[in-house]
Amino acid sequence: VTTGRRRAVMAEHGAHLTAELSASAGRLSIFEVVAQDTLMSAVRPAMHHLCKVLVESNPARYGFLWKWFDEFYAVMDFLLQRHYLARTSASFSENFYGLKRIPVGPRIWRLASYGLPRAQHWRSLLMIIAIPYVKVKLDRLFARLREEDDYAIHLPASSWKRLYKAFLAAYPFMNMSWEGWFLTYRLLYIFGKTPHHSPLLRAAGVRLGNLTPADLQSFEQRSTSRSKTPTSTSVVGKLTSFFANALGGAAVSLSTGVSVGIFFLQFLEWWYSSENQDTIKSLSSLPTPPPPVHLDKSTNDALPRLKTVCPLCNKIRTNDTALATSGYVYCYRCAYNYVKHHQRCPVTGYPSELQHLVKLYSPEA
């Protein structure tokens, strides 16, 4: 009987290894890898729009979200991706499509439920979180410097002026080279010349593969073992168990919410597509209500009574400039300096940028 059990166990392990080897030998299609790459790209704009709606509804309370949005999003993305990498050996979007990350190098087969090796785990987090964060910051810096170069009063040349002039001239070519690098990897992946469809995967030391039946069975066994784990009788053990269960529940709720949100975003993308514009116009044919005005009594009393006075310097306006987000008119220098440093309207608190400044020219001038 003992010999028969050993043979059965060996046969089961052999079947799992064969299934895993056969699944790992297959290559993912370019459509699968591109789909999981573009999945998370829809989340950031949606979160950014939600943040903008909150700030416009109450600038005083939610203004800090707009100012530090990139940092808040990076922290949330780090927690989400770290949870999935530790539990499923995949990022959120990769796990959503039933994929996993397989370490490249010595063929050490391990189930996805055990997570990636330590080196590949942290390198994957670096490529998923840090690289996109730096890319977004560079894009914002380029846009801001270009706006300042277009709208600012040009001062005499200096070392800083020459430096950011060089950055403005070189960054478009750097961005084109970056996108071309990714396109080259995808073309090489299509023709079977490389196992990586992205240079970030190569830098992380992993490649993508499908989840095997052994991986799915391991997920079920680990979830069952966690639920059957006996709780400690000590106070410290009970507190540890409570916080572990609370964090696990929060992670499951967050992942479920993100999954539902992805489907909702896809629905919104379909709803606002060009094919449905006629339907949207017919449903929204009612007149648009006036926008909310964030003025309290103290702010309203502080506004100048004369229409020719600037609300910032309380002097007769020079070089009149309107702020398109609110409609208020200021001196050009006053509005430019305020919006550049605070990114909002001085009166209403609406989020504003330098491109929202509109210079006014009177017929008398």
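This report describes the fold, the sheets, the aromatic pairs and a few selected residues of one protein.

## Overall make-up

The model is predicted. The protein has 365 residues, and 30% of them are buried. Its secondary structure comes to 14 helices and five strands.

Sequence-distant contacts are well represented. Take the contacts between residues at least 6 apart in sequence: 62% of these join residues at least 24 apart.

## The three-stranded sheet

Three strands make up an open sheet. Their order is 4-3-5, and the pairing is antiparallel. Strand 4 (329-331) and strand 5 (357-359) are the edge strands. Each has a single partner strand, so one side of each lacks a neighbour in the sheet. From one strand to the next, the twist averages 40 degrees.

Strand 3 covers residues 320-323. Three bridges pair strand 3 with strand 5 in the antiparallel sense. Within this pairing, Thr321 stands opposite Lys359 of strand 5.

## Helix 14 against the sheet

Helix 14 (residues 332-342) packs on this sheet. The helix touches strand 3, strand 4 and strand 5. Its direction makes about 100 degrees with that of strand 4.

The buried residues of helix 14 are Tyr332, Ala335, Tyr336, Tyr338 and Val339. Tyr332 also takes part in a charge–ring arrangement: the charged end of Lys359 sits over the Tyr332 ring, 5.2 Å from the ring centre. Lys359 is thus the residue opposite Thr321 and also the one placed over Tyr332. After helix 14 comes Gln343, with a positive phi near 55 degrees.

## Strands 1 and 2

Strand 1 (residues 99-103) is largely enclosed by the rest of the structure, because four of its five residues are buried. Strand 1 and strand 2 (residues 206-210) run antiparallel and are joined by five bridges. Across this pairing, Arg101 stands opposite Leu208 in strand 2.

## Glu94 beside the strand pair

Is Glu94 buried or exposed? Glu94 has a relative accessible area of 3%, so this acidic residue counts as buried. Glu94 lies in helix 6, which spans residues 92-96.

A polar atom of the Glu94 side chain lies 2.9 Å from the backbone nitrogen of Ser91. Setting aside neighbours within four places in sequence, Glu94 is in contact with Gln36, Leu99, Arg101 and Leu208. Two of these contacts, Arg101 and Leu208, are the residues that stand opposite each other in strands 1 and 2.

## Aromatic pairs

The structure holds 13 aromatic pairs. One of them joins Phe64 and Phe72. This pair is edge-to-face, with 6.0 Å centre to centre and 70 degrees between the planes. Both rings belong to partly exposed residues: Phe64 has a relative accessible area of 44%, and Phe72 has a relative accessibility of 38%.

Trp178 and Phe182 pair in another way. Their ring centres are 5.1 Å apart and their planes stand at 50 degrees, so the pair is tilted. Both residues lie in helix 8 (residues 159-190). Because they are four residues apart there, about one helical turn separates them. Trp178 is partly exposed at 27% relative accessibility, whereas Phe182 is buried at 17%. The cut-off for buried is under 20%.

Ring pairs also build a cluster, which links Tyr84, Phe92, Phe96 and Tyr97. Phe92 and Phe96 fall within the residue range of helix 6.

## Leu145 in helix 7

Leu145 lies in helix 7 (residues 118-151). Its relative accessible area is 4%, so Leu145 counts as buried.

Which residues does Leu145 contact, leaving aside its neighbours within four places in sequence? They are Tyr164, Phe167 and Leu168. These three contacts fall within the residue range of helix 8. Lys165 is also in that range. Leu145 and Lys165 are 20 residues apart in sequence, and their C-alpha atoms are 8.8 Å apart in space.

Conventions:
Residues are numbered from 1 along each chain as its sequence is written. This is a predicted model: local features need pLDDT of at least 70, side-chain atom pairs count only at pLDDT 80 or more; totals for chains, interfaces and linings use all residues. Side-chain values use heavy atoms; hydrogens and water are left out. Two strands pair if DSSP finds at least two bridges between them. Helices (H or I, at least four residues) and strands (E, at least two) are DSSP runs, numbered from the N terminus. Axes are lines fitted to C-alpha atoms, for helices over the stretch in contact, and angles run from 0 to 180 degrees between N-to-C directions. Contact means heavy atoms within 4.5 Å. Rings of Phe, Tyr and Trp (its six-membered ring) pair if their centres lie within 6.5 Å; planes under 30 degrees apart count as stacked, over 60 as edge-to-face and the rest as tilted. Buried means under 20% relative accessible area, exposed over 50%, partly exposed in between (1.4 Å probe, protein chains only). A charge sits over a ring if NZ of Lys or CZ of Arg is within 6 Å of the ring centre and within 35 degrees of the ring normal. A polar contact is a pair of N or O atoms within 3.5 Å; within protein, one must be able to donate a hydrogen and the other to accept it, and residues adjacent in sequence count only if both atoms are side-chain atoms.
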